[in-house]
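Student: I'd like a close look at one part of this model, please: how do helices pack against each other here? Take me through it slowly.

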Amino acid sequence: MAHLTTGLTRRGLLTASAAALLAAGCDGSGRRPADRVITGGRVYTLDRRRPWAEAVAISGDRIQAVGDRAALDPLIGPRTEVVDAAGGLVLPGFHDVHCHPIEGRSGGGCLLGYDADAAQLVRQLRDCAGGGPPGWVIGAGFDVTRLTEARRPPCELLDDAVPDRPALMFDSNGHAAWLNTRALAALGIGPGTPEVTGGITLRDAAGRPTGLLLDNAMLVHSARLAELLPHDEYPLLLESQDALAAAGITSVADARVFWREPNDQLRLWQRAEREGRLKARTTLGLWAYPELADDQQLAELRRLHRREPAGPLSVAEVKICVDGITSNLTAALLDPYLVGTPVPGDRGLNYFDAARTARYVTELERDGFSVHLHAIGDRGVREALDAIEHARRRNGDLGARHRITHIEYPDPADLERFARLGVVADFQTSAPGIDDPEYRRGDEPVLGAERTGRLQPIRTLMDTGATVTLSSDFDVGDLSPLANIATSLRIGPHAVPGLERAIRAYTLDAAYALRQERLTGSIEAGKLADLVVLDRDILSRPVEELAEATVRRTILGGRDVHTVP
């Protein structure tokens, strides 16, 4: 037996945990007693062959058996821990395929109100910044629309609140920054500062910056803060692990990992892996920098690839922003906005244009990457689909699981392409403003009724047979899968058709998106023991109770990473 076990393990045909089961021996029934048995509640397995069960047995990091309590009783030995679900519901661990775990931790600073107008923002900042430490004032949370509608330049408004120190505020969506005059000077942003690819520096008629940086201009210029204000983000990463576990998230995709100095987040994730501090299986989406030369960037990304589907950390995705966002008037559209925009042509902007996007997808999937594409406007979504179709024609099907995220205003003609091309459609339903899609500038709608009526066609894409996932985009949206599932059921004609389907979008279908569906996403014997125990059976109670449900226990690879009494 020892010789057989060693041989199978060397060939990669048997995992270490499964080898341990063989080597450990069995009880009189021919089955080894389980390390843990979860019982006392219903088990919704997401296994089509057996969707419901009463108990789950765990040995090592794997699910040993799933079934009726009586059938699993023989697996309860003298050392087996029996976990009482206390009438709750046992589910596969949630998978959040679009999250910003580090960026979503505050680390201090001024927290602004998304619904606050310009005058209210100034008052909030005065209260926050007054009497604070010397140096920069940093904060986040405002809505760009409130400042573009103001009569005075945004930098002057911020000067009113913080006149004696540089101040920089990030918007609620992570796509804009608001700077005062001192901050503009400190970052070297003036009339002669050239634009960066994929970004806009808003300027007055004389060419002077007004204090708002949109999209990649915000990222490029604010990156200098890492040099001016050295800050250790590692404690924020560790804080994020507790938050993920408390939300019941056992697999997560970081949707924007900066991997170049001075803000190298990749090394932080690698350190957490070395120290055994990760509480969710993590897939990193390396940020594709629009301002870098393509040959150099593609070569560096290729060097960083490492796919570990069952491991704590996998560097197996690249995040590409195709366009901006609607509230900035930078989402890429086929037809112009109905109001003037800061982008020539009034059709939004590209971080990566169509040709570059097609090249990146084609080459990156050859290197083993799946590509995670941000696309909001109908032109952005079409260009993302075109890039994937181009890669498919050049490469054939290499097994990549490309996904497009947000998909707020797709052209109806493009919806059937998701299923045909095998593209995962990823949606967030709790972002600020998503429940009021008729963005306006003053009294004018920016898109019009026809386009806003297309907002997030989740149900239609599900009906076409496309793989659809739900995710948080934390901290733009709520981290809680339960909250996001609840929201997805009440967003009008595009809502997810039923709670079971919404759970699947956060578990098995999300595991598919991360190329983990053979290992996680459902409760089946042989799969990894990544589970959550809820305090109530949400599938047998009114949907309205979803908002009150909580995660009582989160189990990752057979061990508790979160428990509450």
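Tutor: Happily, and let's begin with the wording: an angle under 35 degrees counts as roughly parallel, over 145 as roughly antiparallel, 65 to 115 as roughly perpendicular, and the rest as oblique. The model is predicted, so local features need pLDDT of at least 70 and side-chain atom pairs 80 or more, while totals for chains, interfaces and linings use all residues. Residues are numbered from 1 along each chain as its sequence is written, and side-chain values use heavy atoms, without hydrogens or water.

Helices here are DSSP runs (H or I, at least four residues), numbered from the N terminus. Helix 12 (residues 294-304) packs on helix 13 (residues 354-366) at about 30°, with axes 11 Å apart; axes are lines fitted to C-alpha atoms over the stretch in contact, and angles run from 0 to 180 degrees between N-to-C directions. The two helices are therefore roughly parallel. Their crossing is right-handed, meaning that the near helix is turned clockwise from the far one by less than a right angle.

Now the residues in contact (heavy atoms within 4.5 Å). Helix 12 brings D294, D295, Q297, L298, L301 and R302, and these meet R356, R359, Y360, E363 and L364 of helix 13. By class, this contact has 6 charged, 4 nonpolar and 1 polar residues, where Asp, Glu, Lys and Arg count as charged, Ala, Val, Leu, Ile, Met, Phe, Trp, Tyr, Cys and Pro as nonpolar, and the others, Gly among them, as polar.
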